[in-house]
Amino acid sequence: MTRTFKGFPRITVNPAVMGGKPCIRGMRVTVGMILGNLGGGTSIEELLQGYPYLEREDVLEAMRYGAWLAQSRELELESAA
């Protein structure tokens, strides 16, 4: 059963696809893969060239979803020193 998040219609979750990780439009492309690539210096244009089935709005929504998750979670912090 595929589900979406309110406000994020391109982000889908299905236990049978990529272990239930948030994916783009039911494809085997995870939000984490997109954000990891962007964080590693890959540009949106490079992502779109490497994954021609992705659309710019997919990448932008993955970024918005990641930002939303970062705002809504409490993480245990460790001392920097």
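How many aromatic pairs does the count come to? The count comes to six in this model, which is predicted. Before turning to those rings, it helps to walk through the sheet and the core.

Start with the sheet. Three strands make it up, ordered β1-β2-β3, and the sheet is open, with antiparallel pairing. The edges are taken by β1 (3–5) and β3 (23–24), each of which pairs on one side only. Between β1 and β2, which run antiparallel, there are three bridges. Arg3 has its bridge partner in β2, namely Val13. Helix α3 then lies across β1, β2 and β3, and its direction makes an angle of about 75 degrees with that of β2.

Next comes the largest nonpolar core, which has 13 residues. Within this core, the residues that touch the most other members are Ile11, Ile24, Val31, Ile34, Leu54 and Val59. At least two core residues come from each of β2 (8–13), α1 (31–39), α2 (44–50) and α3 (56–72). Ile24 is worth a closer look. Leaving aside residues up to four places away in sequence, Ile24 touches Arg10, Ile11 and Thr12, then Val29, Val31 and Ile34, and finally Leu54, Asp58 and Ala62. Several of these names also appear in the core list, among them Ile11, Val31, Ile34 and Leu54.

Now back to the rings. Two numbers do the describing here: the distance of the centres and the angle of the planes. By the pairing rule, the total is six aromatic pairs. One of them joins Phe5 and Tyr65, with 5.1 Å from centre to centre and 45 degrees between the planes, a tilted arrangement. Phe5 sits in strand β1 and Tyr65 in helix α3, so this pair ties together parts that lie 60 residues apart in sequence. The two partners are not equally covered: Phe5 is partly exposed, with a relative accessible area of 27%, whereas Tyr65 counts as buried at 4% relative accessibility.

Tyr65 has a further ring partner in Phe8. Here the centres are 5.4 Å apart and the planes stand at 80 degrees, so the pair is edge-to-face. This pair, too, bridges strand and helix: Phe8 belongs to β2 and Tyr65 to α3, so parts 57 residues apart in sequence are tied together. Both Phe8 and Tyr65 are buried. Taken together, ring pairs link Phe5, Phe8, Tyr65 and Trp68 into a cluster.

Methods
Residues numbered from 1 in each chain as written. Predicted model: local features only at pLDDT ≥ 70, side-chain atom pairs only at ≥ 80, totals over all residues. Heavy atoms only, no water. Core = buried A, V, L, I, M, F, W, Y, C linked by side-chain atoms within 4.5 Å. Buried < 20%, exposed > 50% of the residue type's maximum accessible area, 1.4 Å probe, protein only. Helix = DSSP H or I, 4+ residues; strand = E, 2+ residues; numbered from the N terminus. Contact = heavy atoms within 4.5 Å. Pairing = 2+ DSSP bridges. Axes fitted to C-alpha atoms, helices over the stretch in contact; angles between N-to-C directions. Phe/Tyr/Trp six-rings, centres within 6.5 Å; stacked < 30°, edge-to-face > 60°.
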